[in-house]
Amino acid sequence: MTATLPTQRDEQAVSAYVERLGDTLTDAGMPRLASRVFAQLLADDDGRMTAVELTEALDVSPAAVSGAVRYLTQTYLIGKERERGSRRDVYVVQADAWHGAMLSRDRLLTQIEASLRAGVPAVGGVETAAGQRLQLSVAFLEFLSERMGALEQEWEDRKAELSRTLPLPTPD
């Protein structure tokens, strides 16, 4: 029986991948540098980097990194922790980063739904064209909310199944 050797990390390939994923995320609507920072954290072995490390890896200014990580923490794609024994912040991407981001979007959609619902009577009710548009938007967001709840449970079941077959990282 032959032992498998660990694969060597190819930093040039990682850098090219970070740029490709960053471009894809930018095309999907994420700010450009936030896309690159998120991709860099995803590609990092432990998913933990300081602002200085991100600045060096992406060859950008500290101010640019600051804005990008602010965006990513507000969207729950990354977290911020204090480095032990230091005053430096460490930015961390979780193995299941998309889950937190989607849940935060779900909360935002609930707020939007409430605002749209309040607008229906303000524009004259569903008897008006504006009221019908707003009510249709409310119905769509209600539909999404119902589906998100079901999808969240389906994902938890699927993630449990994956954890039996794929060595997923465990939370700290």
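Here is a short walk through one helix and a few strands of this structure, which is a predicted model.

Let's begin with helix α1, which covers residues 11-27. How far apart should its ends be? At 1.5 Å a residue, its 17 residues should span 24 Å, and the end C-alpha atoms are indeed 24 Å apart, so the two values agree. Now look at which residues of α1 are hidden: Val14, Val18, Leu21, Gly22 and Leu25 are buried. Seen down the helix axis, the buried residues of α1 fall within an arc of 105°, so they line one face of the helix. What do they pack against? Their partners are α2 (32-43), α3 (51-58) and α5 (97-122). Turn to the face pointing away from the buried side of α1, and you will find the exposed residues Gln12 and Asp27.

The ends of α1 deserve a look too. At the N-terminal end, Asp10 acts as a cap, with a side-chain oxygen 3.1 Å from the backbone nitrogen of Gln12. Just after the helix comes Gly29, whose phi is positive, at about 115°.

Next, find the strands. Strand β3 (residues 89-92) pairs with β1 (residues 48-50) in the antiparallel sense, over 3 bridges. Strand β2 (residues 79-82) also pairs with β3 in the antiparallel sense, over 4 bridges. A handy landmark is Val92 in β3: Arg48 stands opposite Val92, and Gly79 stands opposite Val92 as well.

Finally, follow the chain from β2 to β3. These two strands form a hairpin with 6 residues between them, and in the turn Gly85 has a positive phi of about 75°.

Conventions
Residues are numbered from 1 along each chain as its sequence is written. This is a predicted model: local features need pLDDT of at least 70, side-chain atom pairs count only at pLDDT 80 or more; totals for chains, interfaces and linings use all residues. Side-chain values use heavy atoms; hydrogens and water are left out. The expected span of a helix is 1.5 Å times one less than its number of residues. Buried means under 20% relative accessible area, exposed over 50%, partly exposed in between (1.4 Å probe, protein chains only). The arc is that of the directions from the helix axis to the C-beta atoms. Contact means heavy atoms within 4.5 Å. A polar contact is a pair of N or O atoms within 3.5 Å; within protein, one must be able to donate a hydrogen and the other to accept it, and residues adjacent in sequence count only if both atoms are side-chain atoms. Two strands pair if DSSP finds at least two bridges between them.
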